[in-house]
Amino acid sequence: MYFKLSEEQELIRSNVHEFALKHIEPIAAEIDANSRYPAEIFEKLGELGMMGISYPAEYGGGGTEFLTTMIVTEELSRFCASTGFLHGYSFGLVGHPILTFGNEEQKKKWMPGLATGKFVGAFALTEPGAGTDVRAATSSAVKNGDSYILNGTKTFITNASLADVFVAFAYTDRSAGVKGMSCFLIPKGSPGLIVGEHFDKMGVRGSYTSEVVFKDCIVPADCLLGKEGDGFKIAMSALDVGRIGIAAMSTGIAQACLDESVRYSKERVQFNKPIASQQAIQWFIANMSTDVDAARFMYMYAAWLKDQGKPFSLAASKAKLFCSECAARHTTKAVQIQGGYGFMKGAKVERLYRDVKLAEIGEGTSEAQRMIIAGAALR
Ligand SMILES: Cc1cc2nc3c(=O)[nH]c(=O)nc-3n(C[C@H](O)[C@H](O)[C@H](O)COP(=O)(O)OP(=O)(O)OC[C@H]3O[C@@H](n4cnc5c(N)ncnc54)[C@H](O)[C@@H]3O)c2cc1C
């Protein structure tokens, strides 16, 4: 075993840290308050190569390990959970399926734009009647000569209003069960592709989330990703990678709780001494610090397995479950440490407390992860 990041990874972490401190920290509260997508940040991250750092160089990426991407996601989330979430999402749910299942033409068309942050992607799987139960989807795609015609409604789709490309799922053969689900790369502006208003959300408000309707939406047949019937496999593969992203995002949030709790408890004086001198507060901080280390090991292990070409699906579920729940626990404690001040709008910990909830829901709820983990343990 070798518990050490490479020099390159340490350097990237420290560069992203400096970048986030300078460019993201000052606007993170405003992004949240105005529910604003930070386009200028993604433009800069694209210029710095951070949007495609682990994509192959031939598609405009940096050619590093996937773990490096996750380190970037963690560090961004420490300052702004919305930015970190969208960073991990772009890799796991958009870039990964195109790279893994796309043909050369599809990779050349979409990957360089994604790698440089010039293109935004969306992953459209969830439907009003099909959340955890993905198989219950009703969207359909019917082949018609050189095209497919899609009909159906997707909901809670991140980036829908910004997306240049949708990685979207629909049944081409309902009678075949999940083996009849297919995946399409749908370009923005396709006829019959309708994106709804942004939902108003509790947290991660710098990301846009909308309904997407396919109303006799026509796409060329070469938009099919993989083969007909590969859709469910592609969706699960993307979610496996996306879950490591949520775990890294959660670790960044937990680290931010620790940062804030250490800072505040040293500054806040009650009973003529900083509250950091009280054992009750020290125990909160000790638990936080321990869990941040554990969370980091969990997501890094899952990412490392992926980089080694080993099975990582179970490790991704465990990391997602552990990191999101531990971050949620510590946002509660971080608000507690700041008392009434932590409860006020504008307190960073108040934002973290709301942001973290998505991590227990998106890309498979905690209950869905427990189903996967228990299924493996009891096999
Ligand atoms: C901000 C945000 C962004 C999102 N972005 C995207 C996106 O870009 N693309 C996309 O496709 N989806 C997206 N989603 C959807 C997300 O993946 C779903 O919300 C999630 O999978 C849960 O589905 P659901 O909301 O329908 O809840 P449901 O599936 O209805 O679950 C409700 C509750 O029941 C529990 N439950 C369900 N089934 C079981 C069971 N068998 N055993 C035990 N408990 C169970 C769940 O864990 C949950 O607690 C997003 C969601 C949010 C909130």
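## The largest pocket

By class, the residues lining the largest pocket divide into 19 nonpolar, 10 polar and nine charged. Do keep in mind, as you look around, that this is a predicted model. The space in this largest pocket comes to about 1,100 Å³. Its lining is made up of 38 residues, and those closest to the pocket centre are Thr-126, Ile-361, Gly-362, Glu-363 and Gly-364.

Which elements each supply at least two residues of this lining? They are helix H5 (81-101), strand S3 (147-158), helix H7 (231-267), helix H11 (348-355) and helix H12 (366-377). Helix H7 has the largest share, with four residues.

## The second largest pocket

Next comes the second largest pocket, which holds about 620 Å³ of space. Here 18 residues form the lining, and Tyr-2, Phe-3, Lys-4, Met-300 and Trp-304 are the closest to the centre. Two or more residues of the lining come from each of helix H1 (7-24) and helix H8. Of these, H8 gives the most, with seven residues.

If you are thinking about chemistry, the lining of the second largest pocket has nine nonpolar, three polar and six charged residues. Where in the domain layout do these residues sit? Domain 1 (7-119) and domain 3 (235-377) each provide at least three residues of the lining.

## A nonpolar patch on the surface

Phe-3, one of the residues closest to the centre of the second largest pocket, also belongs to a nonpolar surface patch. Its partners in the patch are Met-1 and Phe-297, and the patch covers about 480 Å². Phe-297 is part of helix H8, which runs over residues 279-307. Helix H8 is also the element that gives the most residues to the lining of the second largest pocket.

## Salt bridges

How many salt bridges does the model contain? The count is 25, taking a side-chain nitrogen of Lys or Arg within 4 Å of a carboxyl oxygen of Asp or Glu as the criterion. One pair to look at joins the side chains of Glu-74 and Arg-296, with 2.7 Å from N to O. Because Glu-74 lies in helix H4 (residues 66-79) and Arg-296 in helix H8, this pair ties together parts that are 222 residues apart in sequence. As general background, side chains of opposite charge can pair when their charged atoms come close.

Definitions and conventions:
Residues numbered from 1 in each chain as written. Predicted model: local features only at pLDDT ≥ 70, side-chain atom pairs only at ≥ 80, totals over all residues. Heavy atoms only, no water. Patch = residues over 30% accessible without salt bridge, like charges linked within 9 Å, V, L, I, M, F, W, Y side chains within 5 Å. Areas by Shrake-Rupley, 256 points an atom, 1.4 Å probe, with all protein chains shown as cover. 1 Å grid on protein atoms, 1.4 Å probe; cavity = no way out; pocket = protein on both sides within 12 Å on 5 of 7 lines; lining within 4 Å. Points joined across faces, edges and corners; volume = space filled by probe spheres on them. Nonpolar A, V, L, I, M, F, W, Y, C, P; charged D, E, K, R; others polar. Domains from an automatic or database assignment.
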